[in-house]
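Got the viewer open? Here's a tour of what to select next and what you'll find at each stop.

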Amino acid sequence: MVTHLKRLLLTSILVLGTAVPAAQAKVESNDPIKVTLHDWTGQLISARIMGEVLKKAGYNVDYVQADYLAQFAGLKTGDLHLAMEIWATTGQEALDEGVKSGKVENLGETGMMAIEEWWYPAYMKEKCPGLPDWKAFNACAKEFATPETAPKGRYLGGPVTWGGFDEERVKALGLDYEVVHAGTDAALFAELQSAYDRKAPIVLWIYAPHWAPIKFKGEWVKFPAYEPACYTDPKWGSNPDLAYDCGKPRGPIWKAGWSGLKDKWPGAYSAIKSFKIDNDEMGALVSRVDLDGEKVEAVVDDWLAKNEARWKGWLPK
Amino acid sequence: MTIDALEARRPPASRSAASALLWPAVLAATAILSLAPGSFLPDWAVRLPAGWKLPIAGYISVFMAWLVDQASFGLFTFRELTRGVAWLLDWPLGLAKAMLVSGFAIGQGSQAVPIAPPLPWYAVFMLGVALGWRLGGRPLALLVAGGLAYLLIFGQWASAMTTLASVLVAAPLGAAGGLLLGILCYRSPRFERALSPLLDLAQTVPVFAYLVPILFLFGFGPVSAMIATILYALPPMVRVAVVAFRAVPEEIVVLGRMTGCTRHQFTWKMLVPSARAGLMVGVNQVIMLTLNMVIIASMIGAGGLGYDVLTALRRLDIGRGLEAGLAITVLAILLDRLAQAMARQSERGRVHRKEGAGRLTGRRFWLLVLALAAALWAAAFLAPPLAVFPAEWQLSTASYWEAMVRWINVNFFDALDAFKSFVLLNLLVPVRRFMLGLPWLWVVVVVMLAGWRLGGLRLTVRVALATLFIALVGLWEPAMLTLYLCGVSVLVAAAIGIPIGIACATHRRLWKVVEIVIDTLQTLPSFVYLIPIVMLFRVGDFTAMIAIVLYAVAPAIRYTAHGVQGTAPELIEAGIANGCTRGQLLSRIRLPLAAPQILLGLNQTIMLALSMLVITALVGTRDLGQEVYIALTKADVGRGIVAGLCVAAIAIIADRLIGAGAQRLKNRLGLA
């Protein structure tokens, strides 16, 4: 409201007699809904799809560039209003903390599932024929070793902040591997790119939906499938003494918003809650941007044109 | 290590037998303890018992929650106050943005209706070149034109203007705030003593540590980014201002008193104008540090070039990231050179300038330029397509950079990897193991001994308290990892930087080249070169070390060059007269006399190395930087601040010990 007034003042000093146009449609408030943009393509697409749909419904939308985790400070105070992708795998703690404070609301699943698991490029299958079964890994530990980790293999894990229990997994499954943490996912994929160009051995933590498993040919390692009991009950699985003797859980990607969203823009709130898109659809959109070099805006406009009936269904009648 | 090095430089004759034995004894004890820590000391002296740890992080979290949610001055809450400040600061920022980027509009968000365009690129270009010409003649005008042309041709213009808008607001505010605090410090030594530790903290606590509370208090967006930037960029201005005021000749101060100036008149009519040249050095620092913060500011909604760098690197688009990063460097260099030119002009004085201005006097020149800018702006208003730099004139070298990194990667990886493994296995891993094995109590004792030998009782107490703080908050291990990584990196930086600095001092042309390289290294966001380094060396301590060395080597070079160059010519002549060879001149005269200056450079190197910690956390180190980063991701305010304070503690210990050492050295050499 303050900035609104201020802009008005500022501009009316400079130019006289310009009329403020009437709002395009009946919406609850003309204040802009601030949607956050992060630094990965999938999120840019989902945020823009939602933002453009809201604009078409007559809402005032503002895109704000914000850090994935720092944005929670803004969501809590109501400076920011909507974050379209909070991954259960990386943002759950921050989201839970926000929801517990009563100032952030979990707006439900986006329909996308975050997959994360150990992954290797396809050319490794020649060097280690037993893959993708996890049991093949120990025989090939030497193939995956580097001077610092030898004779153990080297597994490149995600940033420490992602958690993931890889040290525990290695121990419980008796893998001859050392877990090395990348600090950011940019570093993670930089290593993958570098190894892929040289056809060098690498096994690392990859997540989807992401451009990497589309751009690079490879496979997920097949661990015993995750069940909640595996993480809590040592007796579960192949190792009777230790928990974590299974793969990683998959989790939904949530939408999250400022808890005042519901009362200030009820129509937008229900549209946001209805937003749904799945992994395959998103993967295709992401690869158009990251691999074919199209612009995010163009891809989103195209999607909106082709799926009009679908997004119109999200809007309140 | 630095202390040992310092001790080694002392002429042996001045030591008494007992103190000569002190450091060898300490060294021997350290060796014994690190080989067999368990056998000599009780357990509690080796690893701090869990029960001794102070829950300071918890207290800080509670306090911050209270400050943000409940603190009140009766009429209004603390948060309303800070939000008011943010609202005020948003005005100049909004104006600058409207002028350069978005244009003026009614309404906001997607419903904003544009009423006037921003200044078109050719108007900004013209203004920049005119300013350059006015301040620095044709060379500076050409430099400005070249820099702005880079921004245009490589498609960085729009983002660069966003960044420029926030720098144009943040830098003057930082400079003015620093100036005012500097005046207060000059007037009241007590105020200075109270402010000094706060300045230390503002410079050394990583921004990530207090980012979350700032976001709560000032709101999420460009204003918070600006406030964080000002907090970071202001301390050097205060320091430089105080030094500049102290350097004002006594005669001027006395004259002020004799002519019956009021305090206000004295400050603004005599003190500040006479110190102007010195103050401009501070302004320059503010500009450089402001541009250093561009990346972090973009994470909290400032947008601009920083955001482009982050997004490009996230896609592993190294070329694009480099181009956007270089645009930041270009902005930094242009603003820096303009400020330097302004400083030079103010040194020459106003009267002089008026006489030498030639055909156009100052006021008329600017009237003409501004009228022209207004006309160009009006042209953009009437014909909007003109304001857009044609896309077909733009180019990008992104694909070449990418091809180059890939080529190096495919062809030289094995050689690079062998080198890395060698350094890692023979230097990094042993040092790391040694540092982690040291009993904490022993480290406290050694630090105290160093404090006592170099500066006496007061220094001993200070450094002891700082070390104990690190131990008692339970961050000993990350702190030792920090010390190991930064220590090795600083040694490597010194081993590279000091010889280069010496070479630069005697070869002017080499210095010209080196200066450009280190300016670039200091302003290019480190993230830009971090990712290619990861591709060539994988994640880990070695990569972190290279990144730290690249960033921190600059002051080692700069101060050494400055110090060696500054040797009094009489002494050199005396050396030549005595038949010194070139090598002897260097080792017997130039280097010993430059030693205090070199030590200060080392001190700055350490500070910069510590400030890189948060960045190296991004390639997987496990030190205090990572601790700060983890705290940020878990929204744990207290934990982040405590880890940040530990970084500050290390910085302050190093700073005080080296400062005391440099002072002693100066006294002995008769320089002080």
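Start by selecting residues 526-537 of chain B. This is helix α25, whose 12 residues reach 16 Å from the first C-alpha to the last, close to the 16 Å expected at 1.5 Å a residue (the expected span being 1.5 Å times one less than the number of residues). Helices here are DSSP runs of H or I with at least four residues, strands are runs of E with at least two, and both are numbered from the N terminus.

Before you go on, a note on what's loaded: this is a predicted model, where local features need pLDDT of at least 70 and side-chain atom pairs count only at pLDDT 80 or more, while totals for chains, interfaces and linings use all residues. Residues are numbered from 1 along each chain as its sequence is written, and chains are lettered from A and ligands numbered from 1 in the order in which they are written.

**Stop 1: around α25(B)**

Is α25(B) enclosed or open? Of its 12 residues, 10 are buried, so the rest of the structure largely encloses this helix. Buried means 20 or more other C-beta atoms within 10 Å of a residue's own; 12 or fewer makes it exposed, anything in between partly exposed, and the C-beta atoms are placed from the backbone. Color the buried ones if you like: among them are F527(B), L530(B), I533(B) and F537(B).

Now step just past the helix to R538(B), where phi turns positive at about 65 degrees. This is a residue other than glycine, and you'll find it in the loop between α25 and α26 (541-565) of chain B. R538(B) has 26 other C-beta atoms within 10 Å, so it counts as buried.

**Stop 2: A643(B)**

Jump to helix α31 (residues 637-669) of chain B, which holds A643(B). With 32 other C-beta atoms within 10 Å, A643(B) is buried. What does A643(B) touch? Leaving out residues up to four places away in sequence, the contacts are A209(B), L475(B), L624(B), E627(B), V628(B) and A631(B); a contact here means C-beta atoms, placed from the backbone, within 7 Å. Try a C-alpha to C-alpha distance to G625(B) as well: the two are 7.8 Å apart in space and 18 residues apart in sequence.

**Stop 3: all of chain B**

Zoom out. Chain B comes to 31 helices and two strands. Its radius of gyration is 27 Å, close to the 26 Å that the globule rule gives for 672 residues, so chain B is as compact as a globular protein of that length. That radius is taken over C-alpha atoms, and the rule is 2.2 Å times the number of residues to the power 0.38.

To color by domain, use domain 1 (70-98 + 159-333), domain 2 (119-153 + 349-389) and domain 3 (475-669), with bounds that come from an automatic or database domain assignment. The C-alpha centres of domains 1 and 2 of chain B are 26 Å apart.

**Stop 4: the strands of chain A**

Hide chain B for a moment. Chain A has 15 helices and nine strands, and its C-alpha trace spans about 80 × 40 × 35 Å along the principal axes.

Select β4 (residues 104-121) of chain A, which runs antiparallel to β9 (residues 251-258) of chain A, with six bridges between them; strands pair if DSSP finds at least two bridges between them. Look for A114(A) opposite G251(A). β4(A) also pairs antiparallel with β7 (residues 203-208) of chain A over five bridges, with E117(A) partnered by I206(A). Then there's β8 (residues 218-220) of chain A, antiparallel to β4(A) over three bridges, where Y120(A) partners E219(A).

**Stop 5: backbone oddities in chain A**

Where are the cis peptide bonds to look at? One joins L131(A) and P132(A), with omega about 10 degrees; P132(A) lies in the loop between α5 (124-127) and α6 (136-139) of chain A. Another runs from A208(A) to P209(A), with omega near 0 degrees, and P209(A) is in the loop between β7 and α9 (212-215) of chain A.

Y244(A) isn't a glycine, yet has a positive phi of about 70 degrees. It sits in the loop between α10 (228-232) and β9 of chain A.

**Last stop: where the chains meet**

Bring chain B back. The contact takes 56 residues from chain A and 57 residues from chain B. On the chain A side, elements supplying at least two residues each include α1 (2-14), β2 (61-65) and α8 (185-198).

Methods. Two residues are in contact if their C-beta atoms, placed from the backbone, lie within 7 Å.
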